[in-house]
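Here is a short briefing for a reader who is meeting this structure for the first time. The notes that follow are grouped by topic and can be read alongside the sequence and the model.

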Amino acid sequence: MTARRSRGDGGLHWDETRERWIASVTVGYTPAGKRIVKKASGKTKTEAKAKLKEIIRDYDDGLTTAAHNYTVGDAVRDWLEFGLSGREASTVTNRRILAEQHVISALGARKLRELSADDVDRWLATKAKALSTETLRKIHSVLKRSIARAQARDKVKRNVVMLCEIPKGKKGRPSKSLTLDQAASVLKAAEGANLYAYVVVSLLIGARTEELRALTWSHVDLDGQPDADPPVPPSIMVWRSVRVGGDTKTEKSRRTLALPRLCVDALRGHRERQALAKEKAGDLWQENGLVFASKQGTELDAANVRRAFRVILKKTDLDPDEWTPREMRHSFVSLLSDSGVALENISRLVGHKGTVVTEKVYRKQLRPVLLEGAEAMNLIFPGEARKA
């Protein structure tokens, strides 16, 4: 004779229609007196009872029981829709592409509650064969933040991504800088192009591309105050960027820079050409006061600048596919360093918090300066020349 189930163990029966065992238990009553029943199903009695115990445990812990079919893809899509508010449009686009190409495509069908740390480790290890460490960090972040949002909404108990380290990825393309001759050839090739003034200013003052794209004429002084004491040179106020809120990358990035003569000449010519473009556009022109704008006066995006820059490079001996506009900033650092400008001064010109950042980001573009002590001591204590 089968023993009677104890009170509180719930019921267990076979459902012919579904061909599954159904386990159920009453966990309480609503204020209206209606029973609160939790159910679970399985192909075997053991499976059904195990699922029911998990549901009851979640209920006792005060957690809303998530649907068993809630997937990793569901969590990531929810984060993409609601978890990126306030971010730059470019950031949202980038994270969406990374999520769809690398996270959802690989792990999206996996039930979220069944995702394990081992699954994530294997996924990252596979991606490390083709992606850079920085890209791995981003896709790891996408998954971690997606699950954190799902966890906060009781879709899953824990975030297994927190248990996983980011592996070292494939080496990315190293940044590089133009030599003096290459820089001169780029400037020559840019003459007559719509992007000429942009190239000149970027190369000669080292501003970031997001700073130049947000630059307005109100922040450009092409005359200066030559009669002042001391004289005030023509200058450019790098106070804005295309980032959310218009802020520069850091407080140190807000800087006013004297303009070299070539920049002044290029910007004067650019202003004249822009006035003609504005007249030609007529009612289509949207006045934003931007120095570097589209044919309708709107803000340029990074892709606009990149395409125009590569058109210019096709007129040189450089491979357009091997260079990006941001490397004009690297070239600015390299050319100053080669000319003997101190690291501290370069750091201030490019808007870094300190020399540590400059050395870390541009270490390949900086000429070693730690030889000065040895060179001075060679003069003080010349010693004997080493024989060959």
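Two strands are taken to pair if DSSP finds at least two bridges between them, and strands β5 (residues 235-238) and β6 are joined by 4 bridges and run antiparallel. The model is a predicted one, and its chain comes to 14 helices and 6 strands. Of the 388 residues of the chain, 38% count as buried. Among the contacts in the chain with a separation of 6 or more, 57% are accounted for by residues 24 or more positions apart.

**The open sheet**

- An open sheet is formed by 3 strands in the order β4-β5-β6, and the pairing is antiparallel.
- The edge strands of this sheet are β4 (220-221) and β6, each of which pairs on one side only.
- Two bridge partners can be named across β5 and β6: I236 has L257 as its partner in β6, and M237 has T256 as its partner in β6.
- In a regular strand the side chains alternate between the two faces of the sheet.
- Strand β6 (residues 255-258) shows such an alternation, since R255 and L257 point to one face and are buried, while T256 and A258 point to the other and are not.
- In the loop between β4 and β5 lies P230, and the peptide bond that leads from D229 to P230 is cis, with omega near 0 degrees.

**The second largest pocket**

- Rolling a probe the size of a water molecule over the atoms shows where empty space is left.
- The second largest pocket holds about 670 Å³ of space.
- This second largest pocket has a lining of 24 residues, and those that lie nearest its centre are N194, A277, A293, S294 and K295.
- Two elements, α9 (261-281) and α10 (302-313), are the ones that give two or more residues to the lining of the second largest pocket.
- Of these, α9 supplies the largest share of the lining, with 7 residues.
- Sorted by class, the lining of the second largest pocket has 14 nonpolar, 6 polar and 4 charged residues.

**Helix α12 and the residue after it**

- In helix α12 (residues 343-350), the residues that are buried are L343, I346, S347 and V350.
- These buried residues lie on the same side of α12, because they cover an arc of only 100 degrees around the axis.
- Just after α12 comes G351, which takes a positive phi of about 80 degrees.

**Two residues and their partners in space**

- G42 is found in strand β3 (residues 35-42), and its relative accessible area is 0%, so G42 is buried.
- Once its neighbours within four places in sequence are left aside, G42 is in contact with R20, W21, E47 and A48.
- For one of these partners, R20, the separation from G42 is 22 residues in sequence and 5.6 Å in space, C-alpha to C-alpha.
- S90 has its place in helix α3 (residues 89-107), and its relative accessible area of 48% falls between the 20% and 50% cut-offs, so S90 counts as partly exposed.
- Although S90 and D301 are 211 residues apart in sequence, they are 9.4 Å apart in space, C-alpha to C-alpha.

**Loop residues with positive phi**

- E19 has its place in the loop between β1 (11-15) and β2 (20-29), and its phi is near 55 degrees, a positive value in a residue other than glycine.
- Is E19 buried or exposed? With a relative accessible area of 57%, which is over 50%, E19 is exposed.
- D154 lies in the loop between α5 (133-152) and α6 (180-190), and its phi is near 60 degrees, again a positive value in a residue other than glycine.
- At 24% relative accessibility, D154 counts as partly exposed, because a residue is called buried under 20% and exposed over 50%.

Terms used
Residues are numbered from 1 along each chain as its sequence is written. This is a predicted model: local features need pLDDT of at least 70, side-chain atom pairs count only at pLDDT 80 or more; totals for chains, interfaces and linings use all residues. Side-chain values use heavy atoms; hydrogens and water are left out. Buried means under 20% relative accessible area, exposed over 50%, partly exposed in between (1.4 Å probe, protein chains only). The arc is that of the directions from the helix axis to the C-beta atoms. On a 1 Å grid over the protein atoms alone, a cavity is a set of points where a 1.4 Å probe fits but cannot get out, and a pocket is an open set with protein on both sides within 12 Å along at least five of seven lines; lining residues have an atom within 4 Å of a point. Grid points are joined across faces, edges and corners, and a volume is the space filled by probe spheres set on the points. Ala, Val, Leu, Ile, Met, Phe, Trp, Tyr, Cys and Pro count as nonpolar, Asp, Glu, Lys and Arg as charged, and the others, Gly among them, as polar. Contact means heavy atoms within 4.5 Å.
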